[in-house]
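Here's a quick walk through this model, starting at the metal site and then zooming out to the whole chain. Have a look at the structure first.

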Amino acid sequence: MGITHRTWQEWESFFEQRSYRRLPALEQDLDYSALPTSLARSLAIFQLGESGGGTIVAQSFCNSLPGLDDHFGTSMAYFVEEEHRHANILAMCVRLLGGKLIRDNWTAKLFVFARRLIGLRLKVVVLLAAEVVGLCYYHLLAVHLPRSRLRDQLLDIVDDERSHLYFHCDFLRAQTASRFKKRVFVAVWRSVMVCAALVVAIDHRNAIKELEIGLKPVLARWRTYSRLAETLVVADSQAVCPKARELPTN
Ligand SMILES: [Fe+2]
Ligand SMILES: [Fe+2]
């Protein structure tokens, strides 16, 4: 998706168009029993993470932050719906793999705790880190799976997450107009991103190892997308477009 910046009204219609998608039918098209059980567990953890997000919609409508309007609040509501759609798809994937859904997990708890810490801005920074971590991880899982409906679904989710990254970056860009605010953002963003990468690498180490993904490619991809997000938030408009186009799209 070759977008860089959109107005909130454009984001609203973008999300609205996607909101009519139906849930895919995920039937057993392949024998998944040869895949490690750590894959189902890994997806169950992400499924839990994709299920939250209640208070952010209300906060998106009622706040005094600069550069926002009601279209932003509606876009955020569509965004949360889209994450819930991911949760439903991942739940189907977990069942297809013979795994069980979970209700509790320490990394999911940590992300929820961090999101609740203070206002909307920090919440979006944490969400952005979750997008970077999630989209890179889903992509690497997908390319290490045989051709299947499961793999296609993960790649579809990656496409959605990529647009979420641009959506959150547009919000953070509007909140970091001054040089000082940009510096604060970069410091906070890098710290949050390192923490997110660390906890996910630890919690998903078995799937990373058993699917032979390797930690190095995971870390390299996280670094690339983390830099993309940082550039989209703090760089000059002219610098953003060519830079963003250079980054991997698959
Ligand atoms: Fe998602
Ligand atoms: Fe997302």
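## The iron site

Glutamate 50 and glutamate 83 are both buried. Keep in mind that this is a predicted model.

So what coordinates the iron ion (ligand 1)? Its donors sit at 2.0 to 2.5 Å, and they come from Glu50 (OE, listed twice), Glu83 (OE), His86 (ND1) and Glu161 (OE). Along the sequence, those donor residues follow the spacing E-x32-E-x2-H-x74-E. Glutamate 50 belongs to helix α2 (residues 37-50) and glutamate 83 to helix α4 (residues 70-96), so the pair, 33 residues apart, ties together distant parts of the chain.

There's a second metal to keep an eye on: the iron ion (ligand 2) lies 3.5 Å from the iron ion (ligand 1). Glutamate 83 coordinates both of them.

## The chain around it

As for the fold, you're looking at 11 helices and zero strands. The radius of gyration is 18 Å, close to the 18 Å from the globule rule for 250 residues, so the chain is as compact as a globular protein of that length.

Some whole-chain numbers:

| Property | Value |
|---|---|
| C-alpha box along the principal axes | roughly 55 × 35 × 35 Å |
| Residues that count as buried | 52% of 250 residues |
| Exposed area of the chain | about 12,400 Å² |
| Share of that area from carbon and sulfur atoms | 55% |

Among contacts with a separation of 6 or more, 83% join residues 24 or more positions apart. On the charge side, the chain carries 32 positive and 26 negative charges, with mean positions 7 Å apart.

Notes
Residues numbered from 1 in each chain as written. Chains lettered and ligands numbered in written order. Predicted model: local features only at pLDDT ≥ 70, side-chain atom pairs only at ≥ 80, totals over all residues. Heavy atoms only, no water. Helix = DSSP H or I, 4+ residues; strand = E, 2+ residues; numbered from the N terminus. Rg over C-alpha atoms; globule rule 2.2 N^0.38 Å. Buried < 20%, exposed > 50% of the residue type's maximum accessible area, 1.4 Å probe, protein only. Contact = heavy atoms within 4.5 Å. Areas by Shrake-Rupley, 256 points an atom, 1.4 Å probe, with all protein chains shown as cover. Lys, Arg positive; Asp, Glu negative; His and termini not counted. Charge placed at Lys NZ, Arg CZ, Asp CG, Glu CD. Donors = N, O, S within 2.8 Å, 3.2 Å for Na, K, Ca; no water.
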